[in-house]
Amino acid sequence: MYSIEIRLAHTQQELEAMYYQRWLVLRSPLGMEQGTEKDKFDESCSHLIAICGYQITALAAPDTAPYVVGSARLRELSSELGSIAYLAVLPEFQHQGIGTALVKRLTEIARQKTLRCLRVMTRTSALKFYQRLGFIEKGEPHDYLGIPHSFMYLNLPSSPDTEASP
């Protein structure tokens, strides 16, 4: 049995474990080299990680990197628009709610930042996943890295405690 903790990546070690996990899921299957899982915006983004807490990890050395099984990124494109990118869950942990939990937590962070809308460029094979979370596809699919992708958007209504009083 294991537990999954979803939180912001805090240390360089966590970021490196996240980048490796991101590469394993998103780039390695395409035959791409390590380093292609990063871009010039990573340093200014919020990175969420899903860490697996197997009981056996208590036996690991203290300097062992966390076992990152999922990750996702939020980047502010403007004062109102945020972008979710690099959502990745290791295959053996997929279909267990980890991706959904990552997106929901990024949505909470976006609301705290008072963003009004989130955008994701997703593989068309994942459209139904994002539709279940309320995202709406806009525009025509396009090719990215040899894979069909679409843009999807989610409006973020203001919560009652952030709305101005009449």
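These exercises walk through a predicted model of one protein, each with a worked solution.

**Exercise 1. Overall layout**

Describe the elements of the protein and their order.

Solution.
- Start with the counts. The protein has three helices and seven strands.
- Next, read from the N terminus. The elements run β-α-β-β-β-α-β-α-β-β.
- Then turn to burial. Of the 166 residues, 39% are buried.
- Now look at the surface. The protein exposes about 9800 Å², and carbon and sulfur atoms supply 53% of that area.
- Finish with contacts. Take those with a separation of 6 or more: residues 24 or more positions apart account for 66% of them.

**Exercise 2. Salt bridges**

Find how many salt bridges there are, and work through the one between Glu14 and Arg7.

Solution.
- Recall the principle. Side chains of opposite charge can pair when their charged atoms come close.
- Apply the cut-off: a side-chain nitrogen of Lys or Arg within 4 Å of a carboxyl oxygen of Asp or Glu. The count comes to seven salt bridges.
- Take the named pair. Glu14 and Arg7 meet with N and O 2.4 Å apart.
- Check burial. Glu14 has 8% relative accessibility, so Glu14 counts as buried.

**Exercise 3. Arg22 and its partners**

Which residue forms a salt bridge with Arg22, and over which ring does the charged end of Arg22 sit?

Solution.
- Begin with the salt bridge. Arg22 pairs with Asp42, and the closest N and O atoms are 3.3 Å apart.
- Place both residues. Arg22 lies in helix H1 and Asp42 in the loop between H1 and E2, so the pair ties together parts 20 residues apart in sequence.
- Test burial for each. Arg22 is at 0% relative accessibility and therefore counts as buried. Asp42, at 5%, also counts as buried.
- Now the ring. The charged end of Arg22 sits over the ring of Tyr86, 3.8 Å from its centre.
- Set beside this another charge over a ring. The charged end of Arg75 sits over the ring of Phe41, 3.6 Å from its centre.

**Exercise 4. A link between distant parts**

Work out what the salt bridge between Glu76 and Lys113 connects.

Solution.
- Give the distance. The closest N and O atoms of Glu76 and Lys113 are 3.2 Å apart.
- Locate the ends. Glu76 is in strand E3 (residues 68–76). Lys113 is in the loop between helix H2 (98–112) and strand E5 (117–123).
- Read the link. The pair joins distant parts of the chain, 37 residues apart.
- Check exposure. Glu76 is partly exposed, with a relative accessible area of 44%. Lys113 is partly exposed too, at 32%.
- Add the network. Salt bridges with shared partners join Arg22, Asp39, Asp42 and Arg73.

**Exercise 5. Aromatic pairs**

How many aromatic pairs does the whole structure hold, and what is the geometry of Tyr20 with Trp23?

Solution.
- Count them. A search of the whole structure finds four aromatic pairs.
- Classify the named pair. The ring centres of Tyr20 and Trp23 are 5.8 Å apart and the planes are at 35°, so the pair is tilted.
- Relate this to the helix. Tyr20 and Trp23 are three residues apart in helix H1, which means about one helical turn separates them.
- Compare exposure. Tyr20 is partly exposed at 40% relative accessibility, whereas Trp23 is buried at 14%.
- Move to another pair. Phe129 and Tyr130 are edge-to-face, 4.9 Å centre to centre, with 80° between the planes.
- Add burial and company. Both Phe129 and Tyr130 are buried. Ring pairs link them with Phe135 into a cluster.

**Exercise 6. Two leucines**

Leu30 and Leu154: which is buried and which is partly exposed?

Solution.
- Place Leu30. It lies in the loop between helix H1 (12–27) and strand E2 (46–52).
- Judge its exposure. Leu30 has 34% relative accessibility, so Leu30 counts as partly exposed.
- Find its patch. Leu30, Tyr144 and Leu145 make a nonpolar surface patch of about 230 Å².
- Place Leu154. Its position is in strand E7 (residues 147–155).
- Judge that one. Leu154 is buried, with a relative accessible area of 12%.
- List its contacts. Beyond neighbours within four places in sequence, Leu154 touches residues including Thr107, Leu118, Leu133 and Phe135.
- Check one distance. The C-alpha atoms of Leu154 and Gly134 are 6.3 Å apart, with their positions 20 residues apart along the chain.

Definitions and conventions: Residues are numbered from 1 along each chain as its sequence is written. This is a predicted model: local features need pLDDT of at least 70, side-chain atom pairs count only at pLDDT 80 or more; totals for chains, interfaces and linings use all residues. Side-chain values use heavy atoms; hydrogens and water are left out. Patches are made of residues with over 30% relative accessible area and no salt bridge: like charges are joined within 9 Å, nonpolar side chains (Val, Leu, Ile, Met, Phe, Trp, Tyr) within 5 Å. Accessible areas come from the Shrake-Rupley method with a 1.4 Å probe; for residues, only the protein chains shown count as cover. Helices (H or I, at least four residues) and strands (E, at least two) are DSSP runs, numbered from the N terminus. Buried means under 20% relative accessible area, exposed over 50%, partly exposed in between (1.4 Å probe, protein chains only). Rings of Phe, Tyr and Trp (its six-membered ring) pair if their centres lie within 6.5 Å; planes under 30 degrees apart count as stacked, over 60 as edge-to-face and the rest as tilted. A charge sits over a ring if NZ of Lys or CZ of Arg is within 6 Å of the ring centre and within 35 degrees of the ring normal. Contact means heavy atoms within 4.5 Å.
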